[in-house]
Amino acid sequence: MMLSSADFAAIWLTLKLASLTTVILLVIGTPIALWLSRTSSWLRGPVGAIVALPLVLPPTVIGFYLLLALGPHGFIGQFTQSLGLGTLTFSFAGLVIGSVLYSMPFVVQPLQNAFSAIGTRPLEVAATLRANPWDTFFSVILPLARPGFITASILGFAHTVGEFGVVLMIGGNIPDKTRVVSVQIYDHVEAMEYAQAHWLAGAMLVFSFAVLLALYSSRKTKTGWS
Amino acid sequence: MIHTRLKLRYSGFALDVDLQLPGRGVTALYGHSGSGKTTCLRCIAGLEKADQGFIQVNDEVWQDSEKHLFVPPHKRAVGYVFQEASLFPHLSVLANLEFGLKRIPKAHRRVDMAHATELLGIGHLLDRHPQHLSGGERQRIGIARALLTSPKLLLMDEPLAALDSQRKNEILPYLQRLHDELDIPVLYVSHSQDEVARLADHIVLLSNGKALASGPIGETLARLDLPLAMGDDAGVVIEGHVSAYDADYQLLTLQLPNTDMSIRVAHAPMVQGQALRCKVHARDVSLSLQSVEQSSILNRLPVTVISEMGADNAAHVLVRLDAAGTPLLARITRFSRDQLAIHPGQQLWAQIKAVAVLA
C-alpha cells in the first residue's frame with residue numbers, strides 16, 4: 001500500500017472539514033449573497049469587500065487574526081471559555097471557523113452572480129401568482145439559481161481541501177484533529193519522504209483537476225429566461 | 001368600482017392621478033411611453049409603492065397610505081400579464097399554469113384549468129417547455145396563468161407590444177373573448193389606439209404622469225380637444241348589431257344603435273343580431289354636400305357638423321360629426337373645408353369606405 005494510515009486519516013479529516021465547511025457556507029452564504037444581489041444600501045460595498053478579503057490576503061494574515069480572536073485572550077476565546085468550551089485554537093472546530101471565513105468568497109460570489117442573473121421579474125411574477133417571499137425563494141429562486149449553487153458547492157469544497165496557511169496558523173499539526181492532507185504533504189517533504197509526498201500530492205492534483213473539469217464542462221448550456 | 005389615487009415621484013418623473021374606473025369591462029390606460037401608465041399598473045399590483053396612495057378595487061382596499069395600510073402583492077387578488085410573457089423557464093407549461101392556481105384556496109377558484117386552456121386555445125401545449133414556444137403562444141399562457149388565480153382585477157401591461165403584427169392578430173381574438181365571456185374587470189395598458197379601440201370600453205388618457213381624460217371609449221376617442229384625435233390612427237369606435245350578411249360579396253350590414261342608419265363592412269360571416277364593434281379611422285371618412293349615389297364608396301350617412309379644428313398637419317383639419325347620436329371624425333384637407341364652407345350645424349354626407357372599416 002502506497003498510503004499510510006496517517007495519510008488516510010489526513011484524507012478523511014480533510015473530506016470531513018471540506019464537507020462541513022461547504023454545508024455551513026451554503027446556509028450562511030445564501031442570505032448574504034441574496035442580500036448583496038438585491039440591496040441598494042450603502043453597506044453593500046463594505047460587506048462585499050469583507051467577503052472578498054480572503055481572495056487577496058495571505059492565509060497567514062487571516063490565520064494570525066483568527067489565532068488572536070480564538071485564543072484565550074481573544075473575544076471569541078473569552079466567549080467560548082465562558083460557555084465552558086475552552087478555546088477553539090488547535091481544534092477541529094477552530095479549523096471549521098477558519099475554513100468558513102477563508103472559503104466564503106468562493107461560495108458567496110457564484111451565488112450572488114446567480115441571484116443577480118435571475119433579476120427581479122420572476123420574483124414579481126411569483127408575487128402576482130400569490131407566492132409569499134419564502135415560497136418564492138424555494139419555488140423560483142432556488143431552482144433558477146441551481147447552477148450557481150452547484151458552482152458554489154464545488155468551489156467551496158475544493159478551495160477548503162486546498163487550504164494550508166490558515167490551518168497551520170490556527171490548527172497546527174495534530175493527527176486526527178487538525179492534520180489535513182496539505183499539512184501531511186508538508187510533513188512528508190520535511191521528513192524527506194518524497195515517495196509518500198508524491199502519492200498525496202498527485203491525488204490532490206488529480207482531484208482538483210477533475211473537479212474543475214466537471215465544473216467548466218457543465219457550463220456549456222445555459223437555459224435562458226423566457 | 002375601482003378607485004386609484006396615486007402620488008409618486010422619482011427623478012425626472014412625477015405621477016399624480018385620481019381615477020374612478022368602472023368595476024367591470026376593459027379600461028385602457030393609454031399614453032406614450034413615459035406617461036406613467038405602467039407605473040400606475042405596478043402600484044395597483046403592489047409591485048411598486050406610491051408615496052401617497054389609495055387603492056380600492058370593488059370592496060377591497062389594497063393601499064391607504066393615510067392609515068399606513070399596504071397589502072403586499074401576493075395578498076392582492078390581481079392577475080398580472082407582463083409585456084414579455086415571463087414564464088418560469090424551469091417549469092413546464094402545465095406547471096406554469098398551476099403555479100398560481102394551486103396557491104389559491106379551492107373555494108376561491110372561479111376559473112378552472114379546462115376553461116382557461118379552452119379560452120386561450122393552449123390545451124395542446126401543456127406538456128411543452130416555455131423555451132419551445134412562439135412568442136404568441138407564450139403570451140397566451142401568460143394570460144391563462146394570470147386568469148387561473150381567479151383575480152378580482154386583471155392587469156395587462158402592453159401584452160401585445162413585444163409581438164409582431166401577425167402574432168398580435170393571433171392573440172387579439174382571444175382577448176376579445178375574455179372581454180365577452182369573463183366577468184373580470186381589466187386594466188389594459190397600451191400605446192396603440194387600434195388595440196384600445198378594439199378592446200376597451202373605457203379609456204384613460206395619460207400624459208406626463210397626469211390623466212388628461214377618462215371616459216367611455218366612443219365619446220372620448222371622438223373628442224377634438226384631446227391629443228388622441230391628432231394621431232395618424234385617430235378615429236372613432238362604432239358599436240352596432242349585425243342586421244344582414246351578404247355571403248356573395250362578403251359584406252356585413254351593421255345597424256347603428258338608436259337609429260335606422262346602418263353601415264356595410266367587409267367582414268367574415270356573422271350571425272344576425274350579434275354585436276360588433278368597428279373602428280372608423282378619421283382619415284377614411286370623406287365629406288360631400290350631396291349624397292353621391294354613383295360611387296364605389298358604400299357607406300353614406302347624413303351627418304351634422306359639430307366642430308372642426310386644425311390638425312397636426314397644417315394642410316389638414318379634423319371635423320367632428322354626429323350621425324344620429326353616433327360620433328364620427330373626418331380628417332380632410334383645409335382646402336376642402338373652405339371649398340365646402342364647413343361650419344358647425346351644417347348638414348352633410350359622410351362617406352366611409354367599407355374596406356376601411358376595421359372590424
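In this predicted model, the contact between the two chains brings together 21 residues of chain B and 17 residues of chain A. On the chain B side, two or more residues each are contributed by strand 7 (78–81), helix 2 (93–101) and helix 4 (135–147). By residue type, the side of chain B that touches chain A consists of twelve nonpolar, six polar and three charged residues.

A helpful place to look at this contact is His74(B), which sits in the loop between strand 6 (69–70) and strand 7 of chain B. Across the interface, His74(B) touches Ala127(A), Arg130(A), Ala131(A) and Asn132(A). His74(B) is classed as partly exposed because 18 other C-beta atoms lie within 10 Å, where 20 or more would make a residue buried and 12 or fewer would make it exposed. Ser307(B) lies 233 residues away from His74(B) along the chain, and the C-alpha atoms of the two are separated by 49 Å.

Helix 2 of chain B, one of the elements on the side facing chain A, also takes part in packing within its own chain. Its buried residues are Val93(B), Asn96(B), Leu97(B), Phe99(B), Gly100(B) and Leu101(B). These buried residues pack against helix 3 (113–120) and helix 4 of chain B. Helix 4 of chain B thus appears in both settings: it packs with the buried residues of helix 2, and it gives two or more residues to the side that touches chain A.

Further along chain B, strand 10 (residues 202–207) and strand 11 (residues 210–216) run antiparallel and are joined by six bridges. Within this pairing, Val204(B) of chain B stands opposite Ser214(B), a residue of strand 11. The two strands form a hairpin with two residues between them, and here Asn208(B) takes a positive phi near 50°.

Turning to the partner, chain A contains eleven helices and zero strands, so that, read from the N terminus on, its elements follow the order α-α-α-α-α-α-α-α-α-α-α. The C-alpha atoms of chain A fill a box of roughly 65 × 45 × 30 Å along the principal axes. Of its 226 residues, 35% count as buried. Among the contacts in chain A with a separation of 6 or more, 71% are accounted for by residues 24 or more positions apart.

Definitions and conventions. Residues numbered from 1 in each chain as written. Chains lettered and ligands numbered in written order. Predicted model: local features only at pLDDT ≥ 70, side-chain atom pairs only at ≥ 80, totals over all residues. Contact = placed C-beta atoms within 7 Å. Helix = DSSP H or I, 4+ residues; strand = E, 2+ residues; numbered from the N terminus. Nonpolar A, V, L, I, M, F, W, Y, C, P; charged D, E, K, R; others polar. Pairing = 2+ DSSP bridges. Lists of a residue's contacts leave out its neighbours within four places in sequence.
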